[in-house]
Structure formats: C-alpha cells, structure tokens
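Student: I should like to learn how the features of a protein model are read. May we work through one together?
Tutor: Certainly; let us place the structure before us and begin with its strands.

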Amino acid sequence: MSMNLLHVNATVTCPHGGQATVTPGQHRVAVSSQLVAVQSDSYTISGCPFTVGQKPQPCLTIRWVRPSVSIKVNGVPALLEDSVGLCLSAEQIPQGPPRIVTVQRRAGGR
C-alpha cells in the first residue's frame, strides 16, 4: 500500500481529462502547508467532454470508495495516492476511476 498522502491541491482528473477541484471538509491537518484530503471532502469536476452517443454525460463528482484503512484525520479516513474512487455523472452513473497525478510524498518517520 502506498503511503503518499493526497492533499487538497493535488492534481486529480477524471478519466476523460476533466479537472477535479476539492472543497476540504477539515482545516486542521496539513502536510507541507497543504491540507490533507479525506474521504468526506467534496470533489467536483469541470471540463469533462464525455458523451454517450449524442448525449453529454460529463463526470461531475468523485465518490471515494477505498480510502486509507490506517490513516485517519479527525476520525475520517485520509486519501492516498492509491485510494480508489468513482467519477460520477449528474445521474450518478459511474464513469471510471479518477487519475491522481500529484501527491504529497510522505516524510520518513523517526
């Protein structure tokens, strides 16, 4: 399991190239001055070009289904580089997993 934490300024995209933006739910725990992302954070996606036939079906949100099992922030599971999520359309149809491009590398322990 990866120990690289997701932070709120990490680059996350949908499988079609739409850009995800996070609204953090916690404002206390940070790494390198970046708030740590947690499962309950609200992720919205903009710019997804996905269509089914003639119907636009863009990814709009991310629901995280497998966060960290061992790292929690204020009792809420943290998100890691290998966390699993689903990008969802407005109709809550799964569109595929988000792509996590950049994360905070975990500092070594003592």
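Student: How many bridges join β5 to strand β8, and in which sense do the two run?
Tutor: Please keep in mind that this is a predicted model. Strands β5 and β8 (residues 61-66) run antiparallel and are joined by 2 bridges. One of the residue pairs is T44 with T61, the latter being its bridge partner in β8.

Student: Which strand pairs with β5 over 5 bridges?
Tutor: That is β2 (residues 19-23), and this pairing is also in the antiparallel sense. Here V22 has Y43 of β5 as its bridge partner. Strand β5 is thus joined to β8 and paired with β2.

Student: Which residues of strand β5 lie on its covered face, and which on its uncovered face?
Tutor: In β5 (residues 42-46), Y43 and I45 make up the covered face. The uncovered face consists of S42, T44 and S46. Y43 has a relative accessible area of 3% and is therefore buried, since the word applies under 20%.

Student: How many aromatic pairs does the structure hold, and how is the geometry of such a pair described?
Tutor: One reads the separation of the ring centres and the angle between the ring planes; planes over 60 degrees apart count as edge-to-face. The structure holds 1 aromatic pair. Its rings belong to Y43 and W64, with centres 5.5 Å apart and planes at 70°, so the pair is edge-to-face. The pair links distant parts of the chain, for Y43 is in strand β5 and W64 in strand β8, 21 residues apart. W64 is buried, with a relative accessible area of 4%.

Student: Which strand does β8 pair with over 5 bridges?
Tutor: Strand β8 pairs with β11 in the antiparallel sense. Within this pairing, I62 stands opposite C87 of β11. Strand β11 in turn pairs with β12, again in the antiparallel sense, over 2 bridges. C87 appears here as well, with G96 as its bridge partner in β12.

Student: What is notable about the backbone of Q92 in the hairpin of β11 and β12?
Tutor: The hairpin has 5 residues between its strands, and Q92 takes a positive phi near 65°. Q92 has this positive phi although it is not a glycine. With a relative accessible area of 47%, Q92 is partly exposed.

Student: Which residue in the loop between β9 and β10 may be compared with that case?
Tutor: N74 is located in that loop, between β9 (72-73) and β10 (76-77). N74 is not a glycine, yet its phi is positive, at about 50°. At 53% relative accessibility, N74 counts as exposed.

Student: How are charged side chains to be read, and how many salt bridges does the structure hold?
Tutor: The general idea is that side chains of opposite charge can pair when their charged atoms come close. The structure holds 1 salt bridge. It is formed by the side chains of E91 and K55, with a distance of 2.7 Å from N to O. E91 lies in the loop between β11 (84-88) and β12 (94-96), while K55 lies in strand β7 (residues 55-56), so the pair ties together parts that are 36 residues apart in sequence. E91 counts as partly exposed at 46% relative accessibility, and K55 counts as partly exposed at 41%.

Student: Leaving aside neighbours within four places in sequence, which residues are in contact with E91?
Tutor: They are K55 and Q57. Q57 is found in the loop between β7 and β8 and counts as buried at 5% relative accessibility. With the same kind of neighbours left aside, the contacts of Q57 include F50, V52, S89, I93 and Q95.

Student: Where is D41 placed, and what is the nearest side chain of opposite charge?
Tutor: D41 is in the loop between β4 (34-35) and β5. D41 is buried yet has no salt bridge; the nearest side chain of opposite charge is that of R28, 13 Å away. A salt bridge requires the nitrogen and oxygen atoms to be within 4 Å. The side chain of D41 does, however, reach the backbone nitrogen of G25 at 2.7 Å. Apart from its neighbours within four places in sequence, D41 is in contact with residues including V8, V22, T23 and V36.

Methods: Residues numbered from 1 in each chain as written. Predicted model: local features only at pLDDT ≥ 70, side-chain atom pairs only at ≥ 80, totals over all residues. Heavy atoms only, no water. Buried < 20%, exposed > 50% of the residue type's maximum accessible area, 1.4 Å probe, protein only. Helix = DSSP H or I, 4+ residues; strand = E, 2+ residues; numbered from the N terminus. Pairing = 2+ DSSP bridges. Lys, Arg positive; Asp, Glu negative; His and termini not counted. Polar contact = N/O pair within 3.5 Å; in protein donor to acceptor, adjacent residues only side chain to side chain. Contact = heavy atoms within 4.5 Å. Phe/Tyr/Trp six-rings, centres within 6.5 Å; stacked < 30°, edge-to-face > 60°.
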